[in-house]
Amino acid sequence: GYKYLINAVVTYRYMVEQILKEGDTAVDCTVGNGNDTVLLAEKVGPKGKVYGFDIQKKALDITYNKLKERKLEDRVILINDDHKNLGKYINNMVKLGIFNLGYLPKGDRSIVTRKETTLQGILQLLNLLQNNGMAFIASYTGHREGYIENKGIEDFLKKLNQKKFGVVKFDFINQINNPPILYEIEKL
Ligand code: SAM
């Protein structure tokens, strides 16, 4: 069977599969190699919509090709901009959004998500969530920038009004070498 407590990414992907329904709007705030964008596009179906953000054009090109191979490109809007600006591009309410932070696997390690812009992006995503909408954040503490970013995220999420948001932290406490932490936020 499916093992879903292996790491942050596997865990949120499992939950995305349960939560997203046909016709939903979803946001991939860090498109990267596009694996999550593809999953979101599959789940929302032909009547749904997916917005994908990345500051690296290269990532969006790779992702566009993946979508096209699967005939999913029509329901996805790829945006070559910082996720701190996501509110400028999205005017519908959002069922689910993902931040998979850090740098592109095998890519340029200097192009990495950073606390300030990540927090702006998270705030905007939370403002767009519909009732029962969900946000997932995979946060990497093993590199310096990520450690600082994660601290900022946790401080921010701890202060969210509990009447408005449910916030859960998944910490893989029996794993070595700073495994990524997963945060799940529900708009109540
Ligand atoms: N979800 C991706 C996948 O399935 O392959 C992996 C995402 S990767 C860990 C993080 C991505 O965030 C990188 O592609 C990087 O270019 C992008 N990124 C970094 N800072 C960003 C920002 N401020 N706004 C949008 N994307 C950003």
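Here a student and a tutor talk through the ligand site and one salt bridge in this predicted model.

Student: How do you know that the ligand sits in the largest pocket?

Tutor: The test is that more than half of a molecule's atoms lie within 2 Å of the pocket's grid points. The ligand sits in the largest pocket, so it passes that test.

Student: What surrounds the ligand there?

Tutor: A shell of 22 residues, and the closest are Asn33, Asp54, Gln56, Asp82 and His83. By type, the shell holds eight nonpolar, 10 polar and four charged residues.

Student: What makes the approach of Asn33 to the ligand a polar contact?

Tutor: A polar backbone atom of Asn33 is 2.9 Å from an oxygen atom of the ligand. The cut-off for N or O atoms is 3.5 Å, so this pair counts. Asp36 offers a side-chain N or O atom 3.3 Å from a ligand nitrogen, and that value is also within the 3.5 Å cut-off.

Student: How much of the ligand does the protein bury?

Tutor: Taken alone, the ligand exposes 600 Å², and the protein buries 96% of that.

Student: Why is the pair Arg13 and Asp36 called a salt bridge?

Tutor: Their side chains meet at 2.8 Å, N to O. A salt bridge needs an Arg or Lys side-chain nitrogen within 4 Å of a carboxyl oxygen of Asp or Glu, so this pair qualifies. The pair links distant parts of the chain: Arg13 belongs to helix H1 (residues 8-19) and Asp36 to helix H2 (residues 35-44), 23 residues apart.

Student: How many salt bridges does a search of the whole structure find?

Tutor: It finds nine.

Notes:
Residues numbered from 1 in each chain as written. Predicted model: local features only at pLDDT ≥ 70, side-chain atom pairs only at ≥ 80, totals over all residues. Heavy atoms only, no water. Near = heavy atom within 4 Å. Polar contact = N/O pair within 3.5 Å; in protein donor to acceptor, adjacent residues only side chain to side chain. Areas by Shrake-Rupley, 256 points an atom, 1.4 Å probe, with all protein chains shown as cover. 1 Å grid on protein atoms, 1.4 Å probe; cavity = no way out; pocket = protein on both sides within 12 Å on 5 of 7 lines; lining within 4 Å. Nonpolar A, V, L, I, M, F, W, Y, C, P; charged D, E, K, R; others polar. Helix = DSSP H or I, 4+ residues; strand = E, 2+ residues; numbered from the N terminus.
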